[in-house]
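Good morning, colleagues. I should like to take a few minutes to go through one structure with you, which is now being shown.

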Amino acid sequence: MSEQFHSSQPIYSQLAERIKKQILRKELMPGDKLPSVREMGIQASVNPNTVQRTYRELEGMKIVETRRGQGTFVTETEEILTLMREQMKEEEISAFVSAMHEMGYSNKEIQTGLLAFLETVEEGKR
């Protein structure tokens, strides 16, 4: 997880997004233990305080839970993970549609283009 961070968003927020995407991709499963604050700080090349804030943010969203003396774990509550998945999908779609509207595309053009793109993906052409 030694990818670069960009300056337009706080690092703790970007790190939280990366962890959430790892959960979506099932690289982190419900009940999995996250690296310790110190280990994650080394892996991500960030200050442990930043990792602590990231974990606190994720805990506030109930995506992870901290067990005293044991560490931080991905929640095993399926409803929370399903909600997180739906929220992230909605955010990505919203950003995509906004960007397309900024370029002048209509909803119909976006829909047609997206369907055509997905068909080529399904056919293995992309």
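In which helix is Phe-117 found? Phe-117 lies in helix H5. Please bear in mind throughout that this is a predicted model.

Let me stay with that residue for a moment. Phe-117 counts as partly exposed, because its relative accessibility is 37%, and partly exposed residues are those between the buried limit of under 20% and the exposed limit of over 50%. Phe-117 also belongs to a nonpolar patch on the surface, together with Phe-96, Leu-114, Leu-118 and Val-121. Taken together, these residues present about 390 Å² of accessible area. Helix H5, which spans residues 107-122, gives the most to this patch, namely four residues.

I turn now to the division into domains. The protein is split into domain 1, covering 11-76, and domain 2, covering 79-124. Their centres, taken over C-alpha atoms, are separated by 27 Å. To the contact, domain 1 brings 11 residues and domain 2 brings five residues.

What area do domain 1 and domain 2 bury between them? The figure is about 760 Å², with 82% of it on carbon and sulfur atoms. On the side of domain 1, Lys-20, Leu-24 and Thr-75 supply 51% of the area buried against domain 2, which is more than any other three residues.

Finally, a word on charge pairing. The count of salt bridges between domain 1 and domain 2 is zero.

Thank you for your attention; I should be glad to take your comments.

Terms used:
Residues numbered from 1 in each chain as written. Predicted model: local features only at pLDDT ≥ 70, side-chain atom pairs only at ≥ 80, totals over all residues. Heavy atoms only, no water. Patch = residues over 30% accessible without salt bridge, like charges linked within 9 Å, V, L, I, M, F, W, Y side chains within 5 Å. Areas by Shrake-Rupley, 256 points an atom, 1.4 Å probe, with all protein chains shown as cover. Salt bridge = Lys/Arg side-chain N within 4 Å of Asp/Glu carboxyl O. Helix = DSSP H or I, 4+ residues; strand = E, 2+ residues; numbered from the N terminus. Buried < 20%, exposed > 50% of the residue type's maximum accessible area, 1.4 Å probe, protein only. Domains from an automatic or database assignment. Contact = heavy atoms within 4.5 Å. Buried area = accessible area lost by both parts, 1.4 Å probe.
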